[in-house]
Amino acid sequence: MPKVDICFSPELLPLYDLRGKIAVIVDILRASSTIVTAMGEGVTHVFPVASLDECTAYGQQHGCLTAAERDGVPAPGFDLGNSPFGFLDAARPVRGRALTISTTNGTAALRRSLAAEAVVVGAFLNLEAVAAFARAQQRDVLVVCAGWKGQFCLEDTVFGGALAERLAPEFDVRSSDATLAALHLWQQGKSDLSAYLLQSAHVRRLNSLEASKDFEFCLRMDAYAEVLPMWREDRL
Ligand code: 3SL
């Protein structure tokens, strides 16, 4: 039976063997939610990159939209920051465009997970798309939480619990303490996810940056239930 495991921080990735597994990269606030939104709104493909210099270079090389964030605020010199609402702005249509994006934690976590058999981007916005892919593949799943600068983040872990709940009982969600813990957190918070996650450090950071509407948006369950950003060669 395939298994669901959860890596609480990219710093812990060296402890995991990604080979043969599906890596689900999750940065609920906000990189994975933003990438799902971008593709749901018609962005053709995404180059997630770790550094701002790479983001500039990819933008020039591919003539694509550029988006970048550092420490929760848009990095200067790019078309967009890391808000999903940047891709919902009728004044700047994104349909048919390609995108390169660099964020503090999310895109770096993805680049560090490329040894997996399949690398997909997960968010509450596309939870069912991720679950359906895992069911179809019947492979072990490792949820890679982007966290914050190497530290644990509640919202990413709670996503892991939500995914585990959807995959049980077809998948083993009981033999990893990390998955058990994530399931407990999800079950604790799911009846009012917004109130539950309001306690998290990242939400406080976003609120202080006046990005609280992003928070509510990123919790919209299955709003893009058909969207599954997946790594292929050099892009999503
Ligand atoms: O760290 C990241 O990748 C970002 O998602 C952080 S923030 O939501 O833009 O603050």
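Is R166 buried, partly exposed or exposed? In this predicted model, R166 is partly exposed, because its relative accessible area is 26%, and a value between 20% and 50% counts as partly exposed.

**Salt bridges around R166**

R166 takes part in a salt bridge with E128, in which the closest N and O atoms are 2.7 Å apart. Since E128 belongs to helix α4 (residues 127-137) and R166 to helix α5 (residues 154-167), the pair ties together parts of the chain that are 38 residues apart in sequence. E128 is partly exposed, with a relative accessible area of 25%. R166 also forms a salt bridge with D222, and here the closest N and O atoms are 2.9 Å apart. This pair, too, links distant parts of the chain, for D222 lies in the segment after α9 while R166 lies in helix α5, 56 residues away in sequence. D222 is partly exposed as well, with a relative accessible area of 23%. Together with R135, the residues E128, R166 and D222 are linked in a network of salt bridges.

**A salt bridge between buried residues**

The structure holds ten salt bridges, and one of them joins the side chains of R30 and D214, with 3.0 Å from N to O. R30 sits in the loop between β2 (22-26) and α1 (31-40), whereas D214 is part of helix α9, so that distant parts of the chain, 184 residues apart, are linked by this pair. R30 counts as buried because its relative accessible area is 7%, which is under the 20% limit, and D214 is buried with a relative accessible area of 3%.

The three pairs described above are set side by side here.

| Salt bridge | Closest N and O atoms |
|---|---|
| R30 and D214 | 3.0 Å |
| E128 and R166 | 2.7 Å |
| D222 and R166 | 2.9 Å |

**The ligand and its surroundings**

R30 appears again at the ligand: of the 13 residues around the ligand, D27, R30, T103, N105 and G106 come nearest. The shell of residues around the ligand divides into three nonpolar, seven polar and three charged. Which part of G106 lies 2.7 Å from an oxygen atom of the ligand? In G106 this is a backbone N or O atom, whereas in N82 an N or O atom of the side chain is 2.8 Å from an oxygen atom of the ligand. The side chain of E69 likewise has an N or O atom that is 3.5 Å from an oxygen atom of the ligand. Taken alone, the ligand exposes 290 Å², and the protein buries 99% of that area.

**Two further buried residues**

M230 lies in the segment after α9 (212-218), and M230 counts as buried because its relative accessibility is 16%. Although M230 and V121 are 109 residues apart in sequence, their C-alpha atoms are 6.5 Å apart in space. When residues up to four places away in sequence are left out, M230 touches V119, V120, F133, R235 and L236.

S200 is found in the loop between α7 (193-197) and α8 (201-208), and S200 is buried, with a relative accessible area of 4%. Leaving out residues up to four places away in sequence, S200 touches L154 and E155.

How values were computed:
Residues numbered from 1 in each chain as written. Predicted model: local features only at pLDDT ≥ 70, side-chain atom pairs only at ≥ 80, totals over all residues. Heavy atoms only, no water. Near = heavy atom within 4 Å. Polar contact = N/O pair within 3.5 Å; in protein donor to acceptor, adjacent residues only side chain to side chain. Areas by Shrake-Rupley, 256 points an atom, 1.4 Å probe, with all protein chains shown as cover. Nonpolar A, V, L, I, M, F, W, Y, C, P; charged D, E, K, R; others polar. Helix = DSSP H or I, 4+ residues; strand = E, 2+ residues; numbered from the N terminus. Buried < 20%, exposed > 50% of the residue type's maximum accessible area, 1.4 Å probe, protein only. Contact = heavy atoms within 4.5 Å. Salt bridge = Lys/Arg side-chain N within 4 Å of Asp/Glu carboxyl O.
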